[in-house]
Amino acid sequence: MEQNAEKVPTASKGLLQSEELYQYILETSVYPREPEFLKELRHVTDSHPRARMATSPDAGQLMAMLLKLVNAKKTIELGVFTGYSLLLTALTIPEDGKITALDVNRETFEIGLPVIKKAGVADKIDFIESEALPVLDQLLQNHENEGSFDFAFVDADKINYWNYHERLMKLLKVGGLVVYDNTLRRAGAAPRYGEGSVVMPEALVPEQRKQDRESAIEFNKLIAADPRIQISHASLGDGIAICRRLY
């Protein structure tokens with residue numbers, strides 16, 4: 001269990017409705033095994049007004065296991081924010097591993113950059129300040145990049161998830177994994193729906209969340225029907241879809 005800073009129950013970032021049970025999971029299984037540099041970056045991010053955008057630590061723990069299971073060495077990340085998932089990946093992959101990290105906002109990345117440098121893994125990261133689609137298309141112009149990535153993490157604009165998916169299916173090797181974040185969408189209201197806006201009646205969804213909700217619903221349908229992947233939907237954070245490329 002973490003020190004005093006962690007003993008005050010924190011609001012669940014996920015769909016689990018029992019705050020006590022979520023805190024139990026964090027304090028029993030997640031925080032004791034969370035690397036100190038990740039812990040530091042999480043605390044730095046907590047003071048940001050959009051801190052809830054960060055990858056939840058329990059989802060991060062699963063990501064670290066997935067990275068190890070596929071022996072990931074070359075990865076790509078779309079949407080970085082302050083870099084919790086990016087640092088987690090950099091700490092997990094081998095010394096000669098590389099991450100292509102894309103985000104439209106370098107300012108938030110630089111919030112976590114001092115911790116990343118302190119951890120000694122900044123040299124594994126190629127950060128590109130850009131929208132993701134142009135960079136993905138540029139990567140695909142070089143045929144050597146096709147099937148060369150072991151792992152991808154997507155936490156960017158939801159409306160483009162399927163566009164990202166189509167490109168990542170070419171960039172990932174067969175057997176490689178892509179993890180999509182926010183696929184069940186936090187609702188922020190109406191607790192009977194478990195915080196997942198994808199199952200809420202449209203009339204109850206806050207106006208500012210409707211487009212993301214519609215994008216998530218459509219994306220979930222598309223990947224569920226995609227024969228190129230094996231899929232598992234996990235209710236960590238506000239939903240992550242884990243997809244394994246089959247061919």
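In what sense do strand β1 (residues 74–78) and β2 pair, and over how many bridges? The two strands pair in the parallel sense, over five bridges. Here, two strands count as paired if DSSP finds at least two bridges between them, and helices (H or I, at least four residues) and strands (E, at least two) are DSSP runs, numbered from the N terminus. The model is a predicted one, in which local features need pLDDT of at least 70 and side-chain atom pairs count only at pLDDT 80 or more, while totals for chains, interfaces and linings use all residues. Residues are numbered from 1 along each chain as its sequence is written, and side-chain values use heavy atoms, with hydrogens and water left out.

A good place to begin is strand β2. Within its pairing with β1, Thr-75 stands opposite Ile-99. Strand β2 is also joined to strand β3 (residues 125–129) by five bridges, and β2 and β3 run parallel. In that pairing, Leu-102 has Ile-128 of β3 as its bridge partner. From β2 the chain crosses through helix α6 (residues 106–118) to β3, in a right-handed β-α-β crossover. A crossover is right-handed if, with the strands pointing away from the viewer, the path from the first strand over the helix to the second runs clockwise. A right-handed β-α-β unit is also made by β1, helix α5 (residues 84–92) and β2. Strand β2 (residues 98–103) has five of its six residues buried, so it is largely enclosed by the rest of the structure. Buried means under 20% relative accessible area, exposed over 50%, and partly exposed in between (1.4 Å probe, protein chains only).

Attention now turns to helix α5. Eight of its nine residues are buried, so α5 is largely enclosed by the rest of the structure; among them are Tyr-84, Leu-88 and Thr-92. The axes of helix α4 (residues 57–69) and α5 come within 10 Å and cross at roughly 30°. These axes are lines fitted to C-alpha atoms, for helices over the stretch in contact, and angles run from 0 to 180 degrees between N-to-C directions. Helices α4 and α5 are therefore roughly parallel to each other, a label for angles under 35 degrees (over 145 is roughly antiparallel, 65 to 115 roughly perpendicular and the rest oblique). Residues of α4 including Pro-57, Ala-64 and Leu-67 meet residues of α5 including Tyr-84 and Leu-88, where contact means heavy atoms within 4.5 Å.

Pro-57 also leads to another residue: Arg-42 and Pro-57 are 15 residues apart in sequence and 8.3 Å apart in space, C-alpha to C-alpha. Arg-42 is found in helix α3 (residues 36–46) and is buried, with a relative accessible area of 6%.
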